[in-house]
Amino acid sequence: QLHLVESGGGTVQPGGSLRLSCVASGFDLDYYGLGWYRQAPGKEREGIACISKSGRDAVYGDSVKDRFTISRDNAKKTVYLQMNDLKPEDTAIYYCAATSGLTTVQNMCRRGGAIMNYWGEGTLVTVSS
């Protein structure tokens with residue numbers, strides 16, 4: 001059975017940093033495009049960072065560009081999201097997701113990750129002073 005488990009969430013002050021991790025089990029991560037998504041209370045889920053199977057291509061949402069970095073370690077079956085200069089508006093539940101489909105990183109991040117096949121349960125990030 002395929003599982004994704006996120007970790008690393010928590011409460012941080014504005015301007016602080018967090019690194020989220022998402023570990024896969026039950027499948028070989030090499031064959032999957034991966035993404036990070038978030039959903040804040042009362043808002044739709046948005047794609048914030050997506051990375052190709054090889055790791056060579058990545059795309060970011062406008063709201064996190066230049067602050068967040070997505071990376072992957074296929075040997076460890078893990079995808080990371082390094083979040084710097086966090087702002088109160090970054091407060092949300094963060095999810096990782098995977099797709100085995102032949103697609104682009106742009107498509108993976110569109111429409112809140114509608115094309116993604118597998119999802120984790122999420123980890124809460126709260127940015128507050």
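Helices (H or I, at least four residues) and strands (E, at least two) are DSSP runs, and they are numbered from the N terminus. The structure described here is a predicted model, in which local features need pLDDT of at least 70 and side-chain atom pairs count only at pLDDT 80 or more, while totals for chains, interfaces and linings use all residues. Residues are numbered from 1 along each chain as its sequence is written, and side-chain values use heavy atoms, with hydrogens and water left out.

## The overall picture

The protein has 1 helix and 11 strands, and from the N terminus on its elements run β-β-β-β-β-β-β-β-β-α-β-β. The radius of gyration, which is taken over C-alpha atoms and compared with a globule rule of 2.2 Å times the number of residues to the power 0.38, is 13 Å for the protein, and this agrees with the value near 14 Å that a compact globule of 129 residues would have. Along the principal axes, the C-alpha atoms of the protein fill a box of roughly 40 × 25 × 25 Å.

In what follows, buried means under 20% relative accessible area, exposed means over 50%, and partly exposed means in between, with a 1.4 Å probe and protein chains only. By this rule, 44% of the 129 residues of the protein count as buried. A contact means heavy atoms within 4.5 Å, and among the contacts in the protein with a separation of 6 or more, 61% come from residues 24 or more positions apart.

## The open sheet

Strands of a sheet pair through backbone hydrogen bonds, either parallel or antiparallel. For the pairs described here, two strands pair if DSSP finds at least two bridges between them. An open sheet is formed by 4 strands in the order S1-S3-S8-S7, with antiparallel pairing. Strand S1 (3–7) and strand S7 (68–73) stand at the edges with a single partner strand each, so one side of each is left without a neighbour in the sheet. Neighbouring strands of this sheet are turned by 15° against each other on average, direction ignored, where axes are lines fitted to C-alpha atoms, for helices over the stretch in contact, and angles run from 0 to 180 degrees between N-to-C directions. Within the sheet, S1 and strand S3 (residues 18–25) run antiparallel and are joined by 5 bridges, and His3 has Ser25 in S3 as its bridge partner.

## Strand S5 and its two hairpins

Strand S5 (residues 46–51) is mostly covered, since 5 of its 6 residues are buried. With strand S4 (residues 33–39), S5 pairs in the antiparallel sense over 5 bridges, and Gly35 has Cys50 in S5 as its bridge partner. S5 also pairs in the antiparallel sense with strand S6 (residues 58–60), over 3 bridges, and here Ala49 stands opposite Tyr60 in S6. S4 and S5 form a hairpin with 6 residues between them, and S5 and S6 likewise form a hairpin with 6 residues between them.

## Positive phi angles

Most residues other than glycine have a negative phi, and most peptide bonds are trans. The table lists residues with a positive phi, two glycines from the hairpin turns and two aspartates from loops.

| Residue | Place | Phi |
|---|---|---|
| Gly42 | turn between S4 and S5 | about 75° |
| Gly55 | turn between S5 and S6 | about 90° |
| Asp66 | loop between S6 and S7 | near 75° |
| Asp85 | loop between S8 and S9 | near 50° |

Asp66 counts as exposed at 78% relative accessibility, whereas Asp85 counts as partly exposed at 40%.

## Two loop residues and their surroundings

Asp90 lies in the loop between strand S8 (78–83) and strand S9 (92–99), and Asp90 is buried, with a relative accessible area of 1%. Its side chain is joined to that of Arg38 by a polar contact of 2.9 Å; such a contact is a pair of N or O atoms within 3.5 Å, and within protein one must be able to donate a hydrogen and the other to accept it, while residues adjacent in sequence count only if both atoms are side-chain atoms. Not counting residues up to four places away in sequence, Asp90 touches Arg38, Arg67, Phe68, Asp85, Val125 and Val127.

Gly122, in the loop between strand S10 (118–119) and strand S11 (123–127), is partly exposed, with a relative accessible area of 26%. Leaving aside neighbours within four places in sequence, Gly122 is in contact with Glu6, Ile93, Tyr94 and Tyr95.
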